[in-house]
Amino acid sequence: MLLTISTTHEPATDLGYLLHKHPDRVQEFDQSFGRAVVFYPEASEQRCTAALVLQVDPARLARSRGRRSPDFSLAQHVNDRSYAASSLLAVALADVFGTARSGRCRSRQELADAAIPLRIEVPVLPCRGGPDLARRVFAPLGWRVEAEPVPLDERFPEWGDSRYVRLTLSGEVRLADALNQLHVLLPVLDESKHYWQGTDEIDKLLRSGGDWLAGHPERELITRRYLGRGGGLASVALARLAELGGDLAEDPAEDSPEPVRAPLRAQRREAVVALLSGLGATSVLDLGCGTGELLAALLARPEFARVTGVDVSARTLQAAERRIGLDRMGERQASRLTLFQGALTYRDERFAGYDAAVLMEVVEHVDPPRLEAVERVVFGEARPGAVVVTTPNREYNVRYPGLAGSPNGLRHPDHRFEWTRAEFAHWCARVGAQWGYTVEARGIGEPDDQVGAPTQLGVFRRD
Amino acid sequence: MGLVLLVGVSGSGKSTFGARHFAPSQVISSDFCRALVSDDESDQSATKDAFDVLHYIVGTRLRRGLLTVVDATNVQRDARAALIRLAKDHDVLVDAIVLDVPEQVAIARNRARAERPFGDHVVTRQARELRRSMSRLRKEGFRRVHVLAGAEEIEAAQVVPERSWNDRRDLTGPFDVIGDVHGCRAELETLLADLGWELERDEAGRPVGAAHPEGRTAVFVGDLVDRGPDTPGVLRLVMGMVGSGAALCVSGNHEAKLVRALKGHAVRPTHGLAESLAQLAAESDDFRAATLRFLDGLISHYVLDEGRLVVAHAGLKEAYHGRSSGRVRAFALYGDTTGETDEYGLPVRYPWAREYRGRATVVYGHTPVPTAEWVNNTICLDTGVVFGGALTALRYPSRELVSVPAEREWYAPVRPLAPAVPDREPSVLDVRDVTGTQWVETGLAGRVKVPGVNAAAALEVLSRFAVDPRWLVYLPPTMSPAQSPPSGSAAPAREGLLEHPEQAFAEYAAAGVTRVVCEEKHMGSRAVAVLARDPSAAERRFGVGDGSTGVVHTRTGRAFFTGETGTALVERLRERCGPLFAELETDWLVLDCELLPWSAKALGLIREQFAAVGAAAAASFPALDSVLEAAAGRGLDVADLAAWSRHRAGNAAAFRDAYAAYCEPTAGLDGVRVAPFQVLAAQGRALALTEPHPWHLERLAGLGGDLVVPTRHRFVDLSSTVERQEATAWWEELTAGGGEGMVVKPAHPVGPRVQPGLKVRGRDYLRLVYGPDYLDALDALRERSLGRKRSLALREHALGLEALTRFVGGEPLWRVHQAVAGVLALESEPVDPRL
């Protein structure tokens, strides 16, 4: 709710001309969610500071978003919008300092065109990614960045830091550039916007960021975050259930801190596709298909005449549909693909009749006591000709130093377990013997002498 | 149910006949269907599509078990064959009624009708086809062919509906259903005596009949014969009982085979047939003839008691109940065979009962099992008496099992007794039980609709996070605050408050409740504790055989603690509940509780949602104050802004204190407390439904110790102003000390439209849900709409109690799970989360 801009360019009070706000007045500007106030806590020849304060009216803010807004949850009423420098502040900044942001200043155009010493302070900046991200985003633009994390609650020191930082930027920068950068980057760091996003958001981004964004080393992150990921109504129900259960809604599919990067994902996918092809499978059931990475790869190969994706999340299936581009496909191609919601712990006759079923990075998301139900549904009831299972090799985790800090020591917060090679081999053997499948286990990815390959692969063929 | 084909040329009077003898909705005419697809009932080019529609309608009606009459000429063999096939596909019988009028009459009638523009030659052709058909009509697969020759006979005809042989819904019992006897006459006599039957004997002392003084009816599931020592003796007794109307008997596969042998067909005398034939050879010709008549007349299944009970030898899937066809008979006699044989050379049977979702109880025998066990509302009574097991009867409707052990092993078993198909396999749940829009019948609120989109969200949560469904026998409903009084009428006591006890008292008083209980609302996490006394009780009652003995789960079905901590919590809680197990004479319990502190489960939520907001506030106001101070020092007028800042900072501080009150350090179970407030269910009793809150609180008050904390409460007579005021003072005291508030519940059972509980939350607690500054907007908040929340609370309450009732009543897992999933599904409805 507070942002200050100071300069020591003498005479410092010229800041008033640049901002088009008189240093000796307190000026108020109505906003949709309350009021913005501009005043100068200091205004001398040597140093002048303008403060922008946002008086958010929480009732108006809550009313401004309908029942259908994407976060119809507690966060709509209990949130930091009154306190933190969020997209509300970015909007107010653009509104209140609109002329300054355009770089025009009739009386001091030279000054407006010049880089001047500026110091910008944001006492509470929501910054998903921590102080480091603030540095990565602002430093390339010529700022000296101080970003100090704000503790969550000093009464509970064990809780650690909050997602807020106290940000101070100092440097020689053109004022209009500084304002534009803040306008774009405040919401980027916050990663949450208070208004619906339309296609005109791209135009806005280009207008504000045209000059400096193109060469920014983090431009991809900035663009992605600024444009956001459209929330969906489907997420409302789940978010609500999570909240009731005392949890936070999580989205493992999209928000993966998994250190496993694209190459291994691709290797895994290619290995599974090649394997299925080698098995001579023409109908494939992808159980836990996620956003359809494997499905897309299978559809690209004509030998897979029937490809079916199943996921427990209706929302993820919608994402898969978009990713695969189902509505743009021709009728014949689309007829090869079926997507439906299903859960592996419930018997489902739609699972029957496939040459092969794939459980790619799925079993580790099942609580161990429920695994037996999954085995029964897949191997006992659906009984495909072959079952392909991939799962992380826990031994390999020592090769991911980043994992040391993960809460459960596993590659993903939703992983209920990860198996060593011996554990996986044991599981494969038991399941194979119980349900009449011949098993072969191997690794995917560059194998390591001591700890094996990063991913384990089990191939079950029905006897 | 059944299909009737009207057969006759155009103009023979089929539509008139149909209209006279059947209901309009029962008669589907080809002209009608032609009009449906072409807007012209004589458009012959639409005939193919019209018949597609006709077949679809007829098929749907037959699937739903409705009598259906097809009004089409049906003079061509192919047309009839398609409809006969349709009837067979739905396992119903088909009759033909031929309206045979002279050609000239039909021609004359058609000429008189403008909508039939075709020439006389059409009728002539149809008449020729009909004549050609007549001779072989009876061989086409009709049960009966009624030929009405001439207008007079047609005019005089009467249609009398007849019941199918298997339809004995009129018999309502009570029944004693008796399992496979296999010639074990002595055991049968003992069993009947144990069941209270009085045997009648002939002069030789042989039992030839039986009657029950209470008028019970015996139902034999078949396989009376073969293998055992006295097949003729069993037959003599059962034939007498059936003859006198005291018993019904369905055919078993052994009867079917014996019939063929007695008729002189070549049959291999295996599986005990040789014994029967030898024993019967010693009987008189008359007895053998009577036996053949009796056995040959046995039908394959009965539908009894208004359709609530089905008896068939090898069981019967729901689609076949009350139907008649070769495959229905094969299923009833031999089961759902796959054509494969097992290592003993016996046919492999598909476990149809596991998928059974029908409402009718199905009782059968055929496959020997060690003990009779319920599987999805079906039960196999063949406990292998002839192999040295026992002879078992099911008393219906009380569902009591009565067994007598075999006197000896009469016949060596071919293979060991197969265990019953366990109801308990996790995979017994089918995804169809919980997906798509569901209608759940509840005892409390009638049919509750669970919309498909909500069911989808529930499925995700259930399958990703919930505990084993066998432990999940209840989920708690949501709870609404009390209605605010209409604006303008706010009493002085309520100024500055959004919720107040008087609102709840007033609402209940208006609903006719005289006495309520106020229970302290612990600010923790709602918890349901499911506890079995020991692993064997867990296995017996919950079907969980992995040695675990219970679970404590959240309101969304998640385990609070996993692994050893979870096990330890269950163990310690069970220990504390020792007196309850004893008092209620149960080996399992389900308790409704609150688990404390809040931070034990919700720390993530507290940190991300509440503490984060608090942190932002705590960091922002000092910074704002310092710039305001500087500005004031420069002489700028920022007094209003400064006052605003102080006010908002104060609100934020109160908000931070509110959540901090519910945060305490816990490590494992250290620091965790459980506050039970209701005994939801125990063996044989859905206590949440049958006992009032005072009963529950009294039972729970005795439990103490380091883990269990009491739920403070007080009773209020709503007619007493003093008691209401005292309760309000108590609430003020609770909430002033950082308490969440209280829950007000009717002290005694109430009608289905009264809220089961109303929450009254404290002034500062509400900052956590309405935001730190909610008191600044109280007037607007008082207008909050509670309708949706209250309606959900009633429906979820009904579903939760239904789940308990079903579980206590021993209903199949899928029925319990369906109601539980319904609660979770409704919980995903987007209602205002602050309520």
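What follows walks through the domains, the chain-to-chain contact, two sheets and two helix pairs of a predicted model.

A few ground rules come first. Residues are numbered from 1 along each chain as its sequence is written, while chains are lettered from A and ligands numbered from 1 in the order in which they are written. Since the model is predicted, local features need pLDDT of at least 70 and side-chain atom pairs count only at pLDDT 80 or more, whereas totals for chains, interfaces and linings use all residues.

Chain A splits into domain 1 (2-234) and domain 2 (262-462), with bounds that come from an automatic or database domain assignment. The C-alpha centres of these two domains of chain A are 44 Å apart. Chain B is cut into domain 1 (2-156), domain 2 (167-423) and domain 3 (598-660). In chain B, the C-alpha centres of domain 1 and domain 2 are separated by 42 Å. Five residues of domain 1 of chain B touch seven residues of domain 2 of chain B, where contact requires C-beta atoms, placed from the backbone, to lie within 7 Å. On the domain 1 side of chain B, that patch is made of two nonpolar, one polar and two charged residues. (Ala, Val, Leu, Ile, Met, Phe, Trp, Tyr, Cys and Pro count as nonpolar, Asp, Glu, Lys and Arg as charged, and the others, Gly among them, as polar.)

As for the two chains together, their contact draws on 69 residues of chain A and 62 residues of chain B. On the chain A side, the top contributor is helix 15 (residues 368-382), with eight residues; helices here are DSSP runs of H or I with at least four residues, strands are E runs with at least two, and both are numbered from the N terminus. The chain A side sorts into 40 nonpolar, 13 polar and 16 charged residues.

Two sheets of chain B are worth a look. One is an open, mixed sheet of five strands in the order 11-10-7-19-20, with pairing taken to mean that DSSP finds at least two bridges between two strands. Strand 11 (247-249) and strand 20 (400-405) of chain B are its edges, each paired on one side only. On average, neighbouring strands in this sheet are turned by 20° against each other, direction ignored. Inside the sheet, strand 7 (residues 175-178) and strand 10 (residues 217-220) of chain B run parallel over four bridges, and Asp176(B) faces Ala218(B) of strand 10. Helix 8 (residues 185-194) of chain B lies across strand 7, strand 19 (390-396) and strand 20, at about 145° to strand 20. Helix 9 (residues 231-243) of chain B also packs on the sheet, touching strand 10 and strand 11 and making about 115° with the direction of strand 11. These angles run from 0 to 180 degrees between N-to-C directions, with axes being lines fitted to C-alpha atoms, for helices over the stretch in contact.

The loops of this region have their quirks. Asp223(B), in the loop between strand 10 and helix 9 of chain B, has a positive phi near 55° despite being a residue other than glycine. Pro397(B) sits in the loop between strand 19 and strand 20 of chain B, and the peptide bond leading to Pro397(B) from Tyr396(B) is cis, with omega near 10°. Chain A has a cis peptide bond too, joining Glu10(A) and Pro11(A) with omega of about -5°; Pro11(A) belongs to the loop between strand 1 (2-7) and helix 1 (15-19) of chain A.

The other sheet of chain B is open and mixed as well, with six strands in the order 6-12-13-16-18-17. Strand 6 (167-168) and strand 17 (374-375) of chain B each have a single partner strand, so one side of each lacks a neighbour in the sheet. Strand 12 (residues 301-304) and strand 13 (residues 309-312) of chain B pair antiparallel over four bridges, with His301(B) opposite Ala312(B).

Last come the helix pairs. In chain A, the axes of helix 6 (residues 130-138) and helix 7 (residues 175-190) come within 11 Å and cross at roughly 155°. That crossing makes helix 6 of chain A roughly antiparallel to helix 7 of chain A (over 145 degrees; under 35 is roughly parallel, 65 to 115 roughly perpendicular and the rest oblique). Leu133(A), Ala134(A) and Val137(A) of helix 6 meet Leu185(A), Val188(A) and Leu189(A) of helix 7, giving six nonpolar, no polar and no charged residues. In chain B, helix 3 (residues 47-63) and helix 4 (residues 77-89) have axes that come within 10 Å and cross at roughly 25°, which makes helix 3 of chain B roughly parallel to helix 4 of chain B.
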